[in-house]
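Me: Hi! I'd like to chat through the ligand site in this one. Can you pull it up?

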Amino acid sequence: MSILKKLMVTAALSAAMFVNAAYAENVKIALVVKSLGNGFFDAANKGAQEAAKELGGVDIIYTGPTKATAEAQIEVINSLIAQKVNAIAISANDADALVPALKKAMDRGITVISWDSGVAPEGRELHLNPSDTNLIGETIIKLAADYLPEGGDVAILSASSTATNQNAWIDAAKKVLPEKFPKINLVATVYGDDDSAKSTDEAKGLLKSYPNLKAIIAPTTVGVVAAAQVVTDANLIGKVNVTGLALPSEFKKFIDNGASQAVALWNPIDLGYSAVYLAHDLAVKKEEAKPGATLSIGRVGKVTLDDTNSAAMAPPYKFDKSNIEEFSKIY
Ligand code: RAM
């Protein structure tokens, strides 16, 4: 073999070895949630695992803090940077506080997206909303108003006071109230921090402070269960209707016992699936997140990014006596 040929063979061999080395390990995608122990996020993780299987060569790191705070999420992010994950897909406890840590991740070549609860645009490449924010805002008020023909006092029991998603839905709800629901009187908004005990205390506090309360609207799967249990225990079924965003598997018993007439939610499995799909395609296929870009979310369809690089997955479903049994078997 001539020297030139030998050199060419060696070069080709080492190029092949380099390619193999680059793909020898699976792609590591971290699904970071507001807090662990929340059934909504466990359902999203199911979808994440499904997407990983379908895409192939992907490991999901399902992680999050025990308490839904930004400080605790920053620790999680720093540890993921140290582990050299390929992508972080995060549901944020605060839009701004996470930006420096996530910027650091992006500087190290890690793909960062937010989903469910967003990060400010400078801290992520794109954000996937579950549904249109205004639609959810209007839906949560309508869910209460539909069962209050005479109108009356309602209160909101939210997640944490810095949660991007709940705050955006509550703002949207407040905007439609005066014009579309003039008989609905929003008397208070309180925060249960997506913690069962705190949400229970806050729900009890609402009943005490507002004896004429006709509905508690909880746009959080944790808060809505706590509120419905409080109303049940206080023998207020039929007097105070609990509604909001609920996971059918956790909430069915409160539709059955009448503490709630109806609630809504999008498919959390699809949301986790879609988030992983997007993170994968940015990290591996080098898809670019830019305004106007249309990106695949696999079996769920496609999304087109708006001028803040955000998109919405699908409209929410309404669950009541007619269908909650069926959905409770899925999520
Ligand atoms: C809780 C979380 C989550 C939200 C759902 C509806 O599980 O706050 O972020 O999307 O409720």
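Reply: Sure! Start with T221: an N or O atom in its side chain is 2.6 Å from an oxygen atom of the ligand. That is a polar contact, meaning a pair of N or O atoms within 3.5 Å.

Me: Nice. What should I know about the model?

Reply: It is predicted, so to speak of local features takes pLDDT of at least 70 and side-chain atom pairs need pLDDT 80 or more, while totals for chains, interfaces and linings use all residues. Numbering runs from 1 along each chain as its sequence is written, and side-chain values use heavy atoms, without hydrogens and water.

Me: How much of the ligand does the protein bury?

Reply: 100% of the 290 Å² that the ligand exposes when taken alone (Shrake-Rupley accessible areas, 1.4 Å probe).

Me: And how far is the ligand oxygen from the K34 side chain?

Reply: An N or O atom of the K34 side chain is 2.8 Å from a ligand oxygen. For D116, a polar side-chain atom lies 2.6 Å from an oxygen atom of the ligand.

Me: How many residues surround the ligand?

Reply: 14, with K34, D116, Q166, D194 and T221 the closest; a residue counts if one of its heavy atoms lies within 4 Å.

Me: Which helix gives the most to that shell?

Reply: α6, with three residues. Both α2 (39–55) and α6 (164–180) supply at least two; helices here are DSSP runs (H or I, at least four residues), numbered from the N terminus.

Me: Why does the ligand lie between the domains?

Reply: Because domain 1 (6–130 + 268–313) and domain 2 (133–265) both give residues to its shell. The bounds come from an automatic or database domain assignment.

Note on methods:
A polar contact is a pair of N or O atoms within 3.5 Å; within protein, one must be able to donate a hydrogen and the other to accept it, and residues adjacent in sequence count only if both atoms are side-chain atoms.
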